[in-house]
Amino acid sequence: KENADPQRTAFLLRKQWTLYSVTPLYKFSNAHLRDYARLLSAFIAAEKQKGLAVEVGVELDVKVAVSSLPDLKGSDQDQAAILVQLSLRSPASPKNSEEKLIWSGWFCCVSGDDLSKNVPEDFTCLPLFLVNGAESYTSIVGSWFQKTFDCYFRRLAISPFNLSWMAAMWTGCKVDKTASATELVFSVPCLPQPLDISYAIHPEDAKALWDTVQKTPGEITQEEVDVFMDCLYSHFHRHFKIHLSATKLVKVSTAIASAHCDGIIKFLQSQYLTGVLMLLTELAISQIQ
């Protein structure tokens, strides 16, 4: 169900987001977003007083906005996504002058029905948290949420197993514009110097291969993903005599999105946004449980 409004979610595209999983928030309420913004703003100011500031010696005012993104849902049971934005304004500048957005983070739950069903009613399930901005702000915002809603954040890595699923799923998606190449990056283990192998496949070739592998359109099985990857590996071996199966898949880039094993993602197509978030929500939930 792709129901995110492209206009309202366009700012999420083509940025690098770092992924976290979050345990359910205790006594969180959508009715109090303004209050949360005010309290978080005071907390950031207090942390800056302690010398934990990012911009040392500069008098800067951090403005906090907390808002709801109701479009980012996979089902009616899902909670609306929550967006937290930090902007900078110098006290010297005029009141209505342009503020500079320095950090964004958003909580979401796309088709996380299984988790929501099993949680007591005082808790809100927003298991996936995505961040773009300085790590110092991430830790300040994270510690405020942890203290206020008794929740816990953890970096969400993406395993080579899940990356291969993403490669197969995203290759099978239809994209209107001239799609960029499908690129897989592999890391070679046990070498004195780190070595990465980049393997780019023309999008039409990748799609044609996937179409021969996939039995039932709209459904994907583990066997199909394995066959798809094995075909790519054997093609590569035929040309370069390198066994990619002995390496580690660390990054997948397609026209839909790109994902890195360190838990970094970039969304490239608004019509597939909720589909990608659904997969990431599932990963976040499996890390919490």
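**Figure 1. Glutamate 99 is partly exposed, with a relative accessible area of 26%.** The view is taken from a predicted model. The side chain of glutamate 99 forms a salt bridge with lysine 63, and the closest N and O atoms of the pair are 3.6 Å apart. This pair links distant parts of the chain, with the two positions 36 residues apart in numbering: glutamate 99 belongs to the loop between β4 (81–89) and β5 (100–108), whereas lysine 63 belongs to strand β3 (residues 61–69). Lysine 63 has a relative accessible area of 39% and is likewise partly exposed. Both values fall in the partly exposed class because that class runs between the buried limit of 20% and the exposed limit of 50%.

**Figure 2. Arginine 38 and aspartate 35 form a salt bridge.** The closest N and O atoms of the two side chains are 3.6 Å apart. Both residues lie in helix α2 (residues 33–52), and because they are three residues apart, about one helical turn separates them. Arginine 38 has a relative accessibility of 54% and therefore counts as exposed, the cut-off being over 50%. Aspartate 35, with a relative accessible area of 31%, is partly exposed.

**Figure 3. Lysine 207 and aspartate 211 meet through their side chains in a salt bridge.** The N to O distance is 3.1 Å. Helix α6 (residues 203–213) holds both residues, which are four residues apart, or about one turn of the helix. Aspartate 211 counts as partly exposed, at 42% relative accessibility. The structure holds three salt bridges.

**Figure 4. Strand β1 (residues 17–22) is largely enclosed by the rest of the structure.** This follows because six of its six residues are buried. The two faces of β1 are both covered. On one side lie the buried residues Trp17, Leu19 and Ser21, and on the other the buried residues Thr18, Tyr20 and Val22.

**Figure 5. Strand β1 pairs with strands β7 and β13.** Four bridges join β1 to β7 (residues 128–133), and the two strands run antiparallel. Within this pairing, leucine 19 stands opposite leucine 130 of β7. The pairing of β1 with β13 (residues 264–267) is also antiparallel and spans two bridges. Here threonine 18 has isoleucine 264 of β13 as its bridge partner.

**Figure 6. Strand β1 is joined to strand β8 (residues 153–155) by three bridges.** The two strands run antiparallel. The bridge partner of valine 22 in β8 is phenylalanine 153. Valine 22 is buried, as is Tyr20 on that side of β1.

**Figure 7. The close-up views belong to a protein with eight helices and 13 strands.** The radius of gyration of the protein is 21 Å, close to the 19 Å given by the globule rule for 289 residues, so the protein is as compact as a globular protein of that length. Along the principal axes, its C-alpha atoms fill a box of roughly 65 × 45 × 35 Å. Of the 289 residues, 45% are buried. Among contacts between residues at least 6 apart in sequence, 69% join residues at least 24 apart. The exposed surface comes to about 15,100 Å², of which carbon and sulfur atoms supply 53%.

Terms used. Residues are numbered from 1 along each chain as its sequence is written. This is a predicted model: local features need pLDDT of at least 70, side-chain atom pairs count only at pLDDT 80 or more; totals for chains, interfaces and linings use all residues. Side-chain values use heavy atoms; hydrogens and water are left out. Buried means under 20% relative accessible area, exposed over 50%, partly exposed in between (1.4 Å probe, protein chains only). Two strands pair if DSSP finds at least two bridges between them. A salt bridge is a side-chain nitrogen of Lys or Arg within 4 Å of a carboxyl oxygen of Asp or Glu. The radius of gyration is taken over C-alpha atoms; the globule rule is 2.2 Å times the number of residues to the power 0.38. Contact means heavy atoms within 4.5 Å. Accessible areas come from the Shrake-Rupley method with a 1.4 Å probe; for residues, only the protein chains shown count as cover.
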